[in-house]
Structure formats: C-alpha cells, structure tokens
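Okay, thanks for coming, everyone. I'll put the structure up and talk you through a few parts of it, starting with the whole chain and then going down to single residues.

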Amino acid sequence: MPHYTGPLLTRPLLDQLQTALKKGASEATASFDLGRSQDPVGLAPDGWQWRGQAFPWPAKLKDRTLYYWDGEEFSPASRFGSGLYKLVPTDWGVPTFEIDGIKMLVSAQLSPMDDARRKVALVEPRGKRVLDTCGGMGYFAACCLDDGAAAIHSFEKSPEVLWLRTLNPWSPDPDSPLAGGRLQLVHGDVSQQIATLGDASFDAILHDPPRFGIAGELYSQVFYDQLARVLRTGGRLFHYTGAPNKLTSGRDVPREVATRLQKAGFKAELALDGVFAIRR
C-alpha cells in the first residue's frame, strides 16, 4: 500500500496554529509529519494552507488521537478489525499504537524508536540478512536500515497494522529510496510462512510477537525449532517477551522462552525486556 503524504494533526498542533492565528499571525512554521520535518503554513479565519493545498479548520480534536486528511475531513487514524487499532501520538514524535486500548509499544520513558534501536543493536544488523518476524510499526526494520543491514525480510499478519503503517511517517516504506530495495514486507502469518524460508538463510532474527495469551504459537517449541533452522550458526536473535507479572500470571515467560530456545539449539540469556540468543 502506498504511504500517505498528507498532513497529520493532533490536538496540540491544532491549538498551536489557532493560537498563532488569534495573535494576528498569517503564517507559522509547524510539523505535519510528527516531527520529521518543519513546514511553513498559511493561516486564515476560514482555514489554513500547507504545500499549496487548502484545508478547513477541523472541529475540536480528541487527546491522544492522530488525524489524517481523508479527502473530505480529518479522520482519526484508527480502524476496526479483530479489535480497535489506533495510532497514538507521543511526546517523542514517534507514535505508538494500541489494540483495544492496550498499548503495544513503550513510550513512557523513551521513544519507541529508541527502544527499538537498543534491541536491534544486540543482533548487530550491519551487512546482515535479517528476519523480522512480526513487523508491527516497522521500527525494528527502520533501525536495521539505518544500521546498514543488507536485507530485511519482514512479516505482518494484521491488515489493520499494515494500514496504520501507511499513515505513520516513522514507519519505513519498502518502496522508498532510503530502503533501496532492502526491505521486503509481507502480509502473512510468520508462524505459517516460516516453513517456506530456506535453511540458514538469515544472519539475525528479531522476534517481537504479541503477548503469549494472544499468540501462543509464536512461543512454541515448534516455532523456535523453525527459527533455529532458518538462522545460520553463530547468528543472533532477540526475542521480546515483556515482563508479565509472575504473581498474577503464575508464569515466568522470559525464562520459559530461554529454556525452549536452548532446546532448539541456541545459547540464550535474559536481556533488556526479553531474551538474547546465539545459534550454536
């Protein structure tokens, strides 16, 4: 799907523009791509102009909601599928996203992109072929591209997440010059598609599955055996697990994951909010 190139609005941005207008300004400078760039904008009582296009002032916008121009009005960046999928702005510029109100990426203490960057650093992607099992917003892939990965093969099961990615200026576009043909994004379930991948065809793996209760198959011994099959000897893997409360869940998911990865042929240890492993 082609990426959206129109303006993105949030309530703070709208307030900024309207405050400038009330103070008598006829133009201002602002970011309409979540902090990636700054553009001049013309201000008038009946609307505003950006990159040669006129837009009406929208009605009052909601907090924690991102809006895009759908051709007729500014609509929320959200869509119903198996749940309500919503792109959520953060103070860092880089957005997170929610499914039925549950935040999928960290954003309280650091940027979702900075969080992805420190995890990607563990697999040292420069010059490597990387398997990105659960693409999400594509922040792992973006960091791999920035770090000089040779190729990234990314899977994403949810059509709603793929649609949100087209609205998100921080999500890498496989067709962009920056990607340079290095990013392949596949709409598919990696738990099934992994069987089609060749033995030892990757140098590194990034595995960021939904929580265990939603996608238990991505924590199974069968799937870990497949990860071991497609990763070359000495290849690196980072597996996000989060830190579910053992007192409420009754399980130590990170240690369970480490044990299964070791059985599959990895040397595994707890790292950050997941497990780091090397293929033996």
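Before anything else, a word on what I'll be calling buried: a residue counts as buried if its relative accessible area is under 20%, as exposed if it is over 50%, and as partly exposed in between. And please keep in mind that this is a predicted model. With that cut-off, 49% of the 280 residues of the protein come out as buried.

So, the overall picture. You're looking at 8 helices and 18 strands. If you put a box around the C-alpha atoms along the principal axes, the box is roughly 70 × 45 × 30 Å. What about the radius of gyration? For the protein it is 21 Å, and because a compact globule with 280 residues would have one near 19 Å, the two agree.

Now the contacts. Take the ones between residues at least 6 apart in sequence: 58% of those join residues at least 24 apart. As for the surface, the protein exposes about 13500 Å², and carbon and sulfur atoms supply 51% of that. On charges, there are 32 positive and 32 negative ones, and their mean positions sit 7 Å apart.

Next, the annotation. UniProt, in an unreviewed entry, lists residues 182-243 as "domain: MnmC-like methyltransferase". Over that stretch the chain is 23% helix and 34% strand, and the C-alpha atoms at the two ends are 32 Å apart.

Let's zoom in on His187, which lies in strand E14, residues 183-187. Which residues does His187 touch, once we leave aside its neighbours within four places in sequence? The answer is Glu156, Lys157, Ser158, Pro159 and Leu162. Pick Lys157 from that list: Lys157 and His187 are 30 residues apart along the chain, yet their C-alpha atoms are separated by 5.6 Å.

On to backbone angles. As background, most residues other than glycine have a negative phi. Arg51 goes the other way, with a positive phi near 50°. You'll find Arg51 in the loop between strand E4 (47-50) and strand E5 (53-55). Is Arg51 buried or exposed? Its relative accessibility is 56%, so Arg51 counts as exposed.

Leu272 has a positive phi too, about 50°, and is not a glycine either. Leu272 is in the loop between strand E17 (266-271) and strand E18 (274-279). With a relative accessible area of 47%, Leu272 is partly exposed.

Leu272 also turns up in the contacts of Arg118, which sits in helix H2. Leaving aside neighbours within four places in sequence, Arg118 is in contact with Leu110 and Leu272. Arg118 has a relative accessible area of 38%, so Arg118 is partly exposed. Looking across to Cys143, 25 residues from Arg118 in sequence, the C-alpha to C-alpha distance is 9.2 Å.

Last stop, Gln109, in the loop between strand E11 (102-103) and helix H2 (112-123). Gln109 has a relative accessible area of 71%, so Gln109 is exposed. Gln109 and Trp92 are 17 residues apart in sequence and, C-alpha to C-alpha, 9.8 Å apart in space.

That's the tour, and I'm happy to rotate the view back to any of these.

Conventions. Residues numbered from 1 in each chain as written. Predicted model: local features only at pLDDT ≥ 70, side-chain atom pairs only at ≥ 80, totals over all residues. Heavy atoms only, no water. Helix = DSSP H or I, 4+ residues; strand = E, 2+ residues; numbered from the N terminus. Rg over C-alpha atoms; globule rule 2.2 N^0.38 Å. Buried < 20%, exposed > 50% of the residue type's maximum accessible area, 1.4 Å probe, protein only. Contact = heavy atoms within 4.5 Å. Areas by Shrake-Rupley, 256 points an atom, 1.4 Å probe, with all protein chains shown as cover. Lys, Arg positive; Asp, Glu negative; His and termini not counted. Charge placed at Lys NZ, Arg CZ, Asp CG, Glu CD. UniProt positions renumbered as here; feature names shortened; annotations may be inferred.
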